[in-house]
Amino acid sequence: MAHYKILGRDPYWMNFFGLMILTLIEVVAVYLPLAGVAGDYGMTEKQLTLWILTLIAIPKFAMIAAIFMHLFGDEDSKILTLTALFPTFFIIVMVLFIGLTHPDATTGLPAWCRPGTYGL
Amino acid sequence: MERKTAMTRSMVVLVFIAIAMVVSPAVNSLPTGIGGDNIQTQGCNCHNTLPSSNVITSLAGLPEEYNVSTTYTLTISFSGGPAEGGVNSGGFNLWASDGDFSVVDATVQARSPTELTHTEAGNDYRSWTIEWTSPDHGRNVDFILHVNSVNGDGANTGSIDEWNRLDVTVAGSAGAELEPADAFKVLGTLIMISVVLLTVTILYGFYRTNPDNFTWDYLAPWITGWLTSTDHKRIGTLYFVQGLFFLGVGGIMAMMIRVQLAGPDTGFISQDQYNQFFTLHGTTMIFLAAMPLIAGFANWIVPLQIGAPDLALPRINALSFWLQPFAALLIFTGVFSGEGADTGWTGYAPYVVSAGAHDGVTYWVAGQIMLVASSTLTGINFLTTMAVMRAKGMGWMQMPLFTWSILVANVMLFLSIPAFGIGLIQVFLDRTISTAFYDMTAGGDPLLWSHLFWYFGHPEVYVVIVPAFGVISEVLATSARRSIFGYRSMVYAMAGIGLLSFIVYGHHMFTSGMSPTLRFVTMLTTMLVAVPTGIKIFNWLKTMHGGSLVYRTHTLWALGFLVTFTLGGISGMYFPAIAMDLHLHETYFVVAHFHYVLVGGTVFGMFAAIYYWYPKMTGRMLDERLGTLHFLIGFISYNGIFWPMHRLGVVGMPRRTHTYFITTDDFTSIPEWAADWNLFISVSAFIFFFSNLILVANMLISLVRGQKAPADPWGGWSFEWMVSSPPPTPSFDWNNLPELRDANEHIAHEPTRMGAWFNRLMVPDQEEEASN
Amino acid sequence: MSGYGDSEHPVEPWGPHDWSHGAPHNSFSPIIMSMGIALFFFMMAQAWSFGTYTPGYIPGILLGLAIVGFSLFIWWRQDISFDGSYEPRSAGVPFKNIQIRKVAVWVFLMSEMMVFTSLFSTYMRYRLGIENCGDMYERLEASHELVSGATYTCFEPASHLIASSGWHLTPGAINTFALILSSFTIVQALRYAKMPDLDEEVRRRKVYRYLGSTWCLAVLFLTLKMVEWFIGFHIPEIGFLGISEQNIHPLVAEGYTIHADAYTHHDYHDFIMNIRVSASLFYVTTGTHGAHVAGGIIGLSYMTYKAWKGGYTPTNAVSIEYFGLYWHFVDLVWVLVFPFFYLY
């Protein structure tokens, strides 16, 4: 169990509260018309929404893992955190090799490299 | 109960089983395609689509029963149909299933020795004379005669012109033509025989445990004990028996494939049947033979080697095992009716989700989903066990190398197999509720399956070879009577192989049109992964060089492994060069390579493990002379099978095709000598298959009459040799676990830089034992 | 080789089990569970074949599930007497002194991470590889290439339907709330089970109620998911809040199904889409997550029953923690699924 306090209160309750607030921000971000803000950063509204969602998902992820799953503040936290992070390499490999390649990858090559354009 | 009564009972049971086998309904035979001309199967349709009964055909001159090798004069004639007009009154086509036709005049021509038709000159007749020479075997001969009756107006179609067909069978003294053997009936029969043999062996094993109590009352608790046990030793034995059984079944399939390939166009297995054979051979050998054999040894030996009473999660261990036999039932669904999986063990999309693939594919996929669950649970169990249940004094760097190899293999397994599981679920859903993961018309991408499959598939092949590495390390160290050379580098090499294996899988997909960047990356990483493997081979050589080798059977198999696995590794190094891969992909060079590393690697490793640990597991010594005989015959015949395949692959013999053609056209076929070498391979295959029965016989005989084994017959020094043969249950007492006082003291208490960093990070301050 | 039990160690493969001797040496559960799973898959493959549904096999599927249920019953019959007196801990580095089963749960979670990574990778690959329907529509409209009556293959994320009007998102938003709350209640159950110096009856009631709440929230999650997918819901008029009456259609009624090869959306005029890949991805990914929730419900059922019987004390409270770890992981996955499938 957690032996520390967050803002002077029970850490689990505060964690729950914090997660709810973050979720609320996520939902609001999807409904607010942010096209203008997106333009300022040189991207479409959809891209900006994706950034916001990703940036909020990360702390939510960390809060659940650290506080609810006792990866912070527990005597066993260090080794369990390392255990939990061990698959990171394999996840990155899978995302890079499978998630970020796609069937028409050969069309992204320069013309001189694409099959059918170099005289063979 | 009296011994006599007991034996009578078992005899009766066996007789019933034998009768049941004989009267069992024949398996559905497949339609045996009739080779040859379409006319025999589809009839004429040049002059109208349907035959007409107005045309009366006759084939005169055939005897009731022919004499062998006699020439008969036959007259083909017909009447009826439209009235004769100008030229072109009629024509015919006469086909015989055997014998030879000869032409007597210019009105008839021969299309082949068994097929005659009219010439242009003979086109305005309504009867023709020919000669037929009967065959020398005396079996029934079928004749099929087609005649057409036309009115000579030169038009090809029209309701006036008519045709008809006549089927005649001429009896010979020997009776009906023998039906060619149906490959699936042969397979089914052989598998049923194997099952019966297995059942008899098990019952005999039961008899030997307690000869005076060979009764039903004692059988029920005995079987229940086996069906419900969670003890790692029992589960190990169960895996082992399953693995050996399916090794045999896979071997039977391989033998039948080799019969088919012994000569060009043998006609034993059609392409459609052949697809199922190589699919099931691959799936059986990898998932139902190799993995269970490894799991069997892992279950038996790992807890003994680390000084643990059992695995971390015993009931889940039992679940891991029991998922496998039921998965096997699903995987083999449809085989005997000809609807078994026909996609290759790699199950490539989009064929695997197409309706054109056999129905058995859906069940094959479901069975493999169960195997995924089994492997995931096994991986979790072993990683946990090795992480937390080592004996006092046994740090990570004091674990025996076999245990390390199982650790690396299991980590690779449970991290990579979920990708395969997800792919399988996608295929299963595509084939059942019709989702669209791989449906190309809906935008599905077949390459996704290849990625998911090989993300798992490549670590998987390392999963089956790394435990063999562990076995060889153990066997060579004990045989050389010294500790393994370079223990630390062996551990790092295995861990390196484990890690790298995840980033090389693209080399299975070089010809698929996948991302070129990925092709480049994968080429480099594949070349890199040979380095740690090479380190291990050099370490083994140095172990022998610095030691004093004793030649037991397990030593022989380990030495054989060194030769064949190195050869397999070298042949594998041709593939990362993409230009070479484009030439060698899907040829027998690939088959040669992976059989060298899988059979010459994994299977030889397992043989070495059997000879090494059998005394520990059963308490009996195996016969060394039979073992040496097994090795000599097996090793030589094995190389006879797979070495010639390299050259066959280089000249272009493709894999997964049911036959090959030898013609004079060099460009489209393979050279003439290929047929000779294929025959040589097939003969070697039979010798190899039967040589392995020597091992089975050895195991069974030794179980009954072998010399009793001491706790440590070979002079090994890991924990498993400190307990009795066979070990007690539980293997170690929970309250009195062993403690390791390391023989290599100077290694035990000297952490490396990485070990020191790890220590600082992980170990609580009040730690007296400085173990890494 | 030791035989099948003896007078000192009676063997109960059907349960119940005496934990003073350690973990069960015999259990019928594994073999029966395997039988049930095999039967389930076999019957499923018989019932559905390339979209053709044969209802006659449903009893077979249910039989397979029942057999699995029976095997779980045997498993739990052996477990329910577990009071924590046998909870082995790690001896060696680096997991020194951590319970073995806790390490096992974390290792299991590692493999589950790979499961969901595979699903997400598939999603990423398709979403980046197939053109988005909205983009395709705009592109074709702008260049006047839109052919009336032609079917276009493109990627239509479910978020286009769900995040379109506030009410569509309600089940998803409540589900997020429910899961996070359930993470909280399971921690509370653990806390009260572990708390020393607590009256036994108070402990029993607290643990039972918190576990029961977790169970209810999980069931609510699945119910709302079914509402969202199949049932739909009705918003009544609440004048003073300015809410007008609306009928929110479920996804399948809007045509967003795995068979949707002629899908239309009111935002795209005269544009017929083949969205089978997008729908398959959505339903299978969120469905896999839902299956994990369902698995959790099954485990929670057993635990709530055991808590009601007063089976959780400080000695064995850590069993709740093992389940809690799994349950937080399920919540974690939802934290990723919700924004990327429902909002984006």
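1. Starting with chain B: among its contacts with a separation of 6 or more, 78% join residues that sit 24 or more positions apart. Keep in mind that this is a predicted model. Chain B has 19 helices and nine strands, and 57% of its 772 residues count as buried. As for what chain B exposes, the figure is about 30,700 Å², with carbon and sulfur atoms supplying 63%.

2. One residue of chain B I looked at is Thr533(B), in helix α12 (residues 516-545). Its relative accessible area is 15%, so Thr533(B) counts as buried, the cut-off being under 20%. Setting aside neighbours within four places in sequence, Thr533(B) is in contact with Phe469(B), Ile497(B) and Phe565(B).

3. Next, the interface of chains B and C. Here 76 residues of chain B are in contact with 65 residues of chain C. The two chains bury about 6,100 Å² between them, and 71% of that is on carbon and sulfur atoms.

4. On the polar side of that B and C interface, there are 22 residue pairs in polar contact, counting pairs with both residues at pLDDT 80 or more. Salt bridges between chain C and chain B come to three; one of them pairs the side chains of Arg125(C) and Asp445(B), at 2.7 Å from N to O. On chain C, the elements that each supply at least two residues to the side touching chain B are α1 (29-47), β1 (48-49), α2 (58-79), α3 (100-129) and α8 (276-308). The most comes from α3(C), with 15 residues. By type, that side of chain C splits into 41 nonpolar, 19 polar and five charged residues.

5. Now chain A against chain C. In this pairing, 42 residues of chain A are in contact with 47 residues of chain C. The buried area is about 4,300 Å², and carbon and sulfur atoms give 79% of it. Met1(A), Tyr31(A) and Met69(A) supply 15% of the area chain A buries here, more than any other three residues.

6. Polar links between chains A and C: the count is one salt bridge, with Asp10(A) and Arg191(C) bringing their closest N and O atoms to 2.7 Å apart. Six residue pairs are in polar contact, both residues being at pLDDT 80 or more. The side of chain A that touches chain C takes two or more residues from each of α1 (11-31), α3 (45-68), α4 (77-85) and α5 (88-99). Helix α1(A) has the largest share, 10 residues. The residues on that side of chain A divide into 30 nonpolar, seven polar and five charged.

Definitions and conventions:
Residues are numbered from 1 along each chain as its sequence is written. Chains are lettered from A and ligands numbered from 1 in the order in which they are written. This is a predicted model: local features need pLDDT of at least 70, side-chain atom pairs count only at pLDDT 80 or more; totals for chains, interfaces and linings use all residues. Side-chain values use heavy atoms; hydrogens and water are left out. Helices (H or I, at least four residues) and strands (E, at least two) are DSSP runs, numbered from the N terminus. Buried means under 20% relative accessible area, exposed over 50%, partly exposed in between (1.4 Å probe, protein chains only). Contact means heavy atoms within 4.5 Å. Accessible areas come from the Shrake-Rupley method with a 1.4 Å probe; for residues, only the protein chains shown count as cover. Buried area is the accessible area (1.4 Å probe) that two parts lose on being put together, summed over both. A salt bridge is a side-chain nitrogen of Lys or Arg within 4 Å of a carboxyl oxygen of Asp or Glu. A polar contact is a pair of N or O atoms within 3.5 Å; within protein, one must be able to donate a hydrogen and the other to accept it, and residues adjacent in sequence count only if both atoms are side-chain atoms. Ala, Val, Leu, Ile, Met, Phe, Trp, Tyr, Cys and Pro count as nonpolar, Asp, Glu, Lys and Arg as charged, and the others, Gly among them, as polar.
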